[in-house]
Amino acid sequence: PTIPQLGMMDWAKGSNLIEYSEDFSNAIWTKNDTTQTEVFGDLPPNIGRAWLIGAGSGTQHMAQLSVDADGKSKGLWAKTVTGTGTVSLMRYHAYGVLNITNDWQFFELPSYSGSNIHFYAVDFRNASTTLSEVIIAGAHMELTDNVGNYILTGGAAAIDVTTIQENTLLI
């Protein structure tokens, strides 16, 4: 819940259950037949690092296997290098693909049971996938029905963290 403070700031509690939410090179991320290259310069709002993920051959996916993603809301920033295309984000490839453009987009999957036990940042294995590389940033997963304010994580998940953001609605 967000509590407006006289139209100036919003205070909210949130969590991010993904470890190393901006460091896709970290060993916590299982990388099967993918490459990871840090991208500098063009980043989404409030994000410090982004990564170009390329597909190799074979199983072609990157996931955090140590988290239970079933029934949790998930969020991730993504864009293509050029043009548009499709790829699976935040879920196992069998659950479908998302349309990606070359502008930063925030993708959110609301919580639902049966979504998959792992957080798949990117999965190139769906037959409808048209991309062989995608730029991703800011992995986010919460216990709530929808993803709230982004919380950067390092070596541990962030639980019930108070966030403050400027409220542009002035009274």
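**Exercise 1. Find the residue in strand 12 that is the bridge partner of Gly 54, then work out how strand 12 sits among its neighbours.**

Step 1. Look across from Gly 54 and you land on Glu 133, its bridge partner in strand 12. Strands here are DSSP runs of E with at least two residues, numbered from the N terminus. A quick word on what you're looking at: this is a predicted model, where local features need pLDDT of at least 70 and side-chain atom pairs count only at pLDDT 80 or more, while totals for chains, interfaces and linings use all residues. Residues are numbered from 1 along each chain as its sequence is written, and side-chain values use heavy atoms, with hydrogens and water left out.

Step 2. Now count bridges. Strand 5 and strand 12 are antiparallel and share 4 bridges. Two strands count as paired if DSSP finds at least two bridges between them.

Step 3. Try strand 7 next. It runs antiparallel to strand 12, and 6 bridges join the two. One example is Lys 74, whose bridge partner in strand 12 is Met 141.

Step 4. Check how covered strand 12 is. Of its 10 residues, 9 are buried, where buried means under 20% relative accessible area, exposed means over 50%, and partly exposed is in between (1.4 Å probe, protein chains only).

**Exercise 2. Write down the strand order of the open sheet that has strand 4 and strand 10 as its edge strands.**

Step 1. The order is 4-5-12-7-10, with antiparallel pairing, in an open sheet of 5 strands.

Step 2. Strand 4 and strand 10 are the edges, as each pairs on one side only.

Step 3. From one strand to the next, the twist averages 35°. The axes behind that angle are lines fitted to C-alpha atoms (for helices, over the stretch in contact), and angles run from 0 to 180 degrees between N-to-C directions.

Step 4. Zoom in on one edge. Strand 4 and strand 5 pair antiparallel over 6 bridges, and Thr 34 stands opposite Ala 55 in strand 5.

Step 5. Pick a residue on strand 4 (residues 34-39), say Thr 37. Thr 37 counts as partly exposed because its relative accessible area is 43%. Leaving aside neighbours within four places in sequence, Thr 37 is in contact with Ala 50, Trp 51 and Leu 52, contact being heavy atoms within 4.5 Å.

**Exercise 3. Do the same for the open sheet with strand 3 and strand 9 at its edges.**

Step 1. This open sheet has 5 strands in the order 3-6-11-8-9, paired antiparallel.

Step 2. Strand 3 (30-32) and strand 9 are the edge strands, each pairing on one side only.

Step 3. Neighbouring strands in this sheet are turned by 25° against each other on average, direction ignored.

Step 4. Inside the sheet, strand 8 and strand 11 run antiparallel and are joined by 2 bridges. Leu 89 has Val 122 in strand 11 as its bridge partner.

**Exercise 4. Which residues have the most contacts inside the largest nonpolar core?**

Step 1. The core has 27 residues, and the ones to circle are Phe 24, Leu 89, Ile 100, Phe 119 and Ile 136. A nonpolar core is a set of buried Ala, Val, Leu, Ile, Met, Phe, Trp, Tyr and Cys residues joined through side-chain atoms within 4.5 Å.

Step 2. Strands giving two or more residues to this core include strand 5 (50-55), strand 7 (73-79) and strand 12 (133-142). Strand 12 gives the most, with 4 residues.

Step 3. Look at Phe 24, in the loop between strand 2 (9-16) and strand 3. Phe 24 counts as buried because its relative accessible area is 0%. Among the residues Phe 24 touches are Trp 29, Trp 51, Leu 76 and Ile 136.

**Exercise 5. Is Thr 80 buried or exposed, and what does its side chain reach?**

Step 1. Thr 80 is in the loop between strand 7 and strand 8. Its relative accessibility is 1%, so Thr 80 counts as buried.

Step 2. The side chain of Thr 80 reaches the backbone oxygen of Gly 83 at 2.6 Å and the backbone nitrogen of Asn 102 at 3.2 Å.

Step 3. Thr 80 also touches Ile 100, one of several residues on its list beyond four places away in sequence.

Key
Polar contact = N/O pair within 3.5 Å; in protein donor to acceptor, adjacent residues only side chain to side chain.
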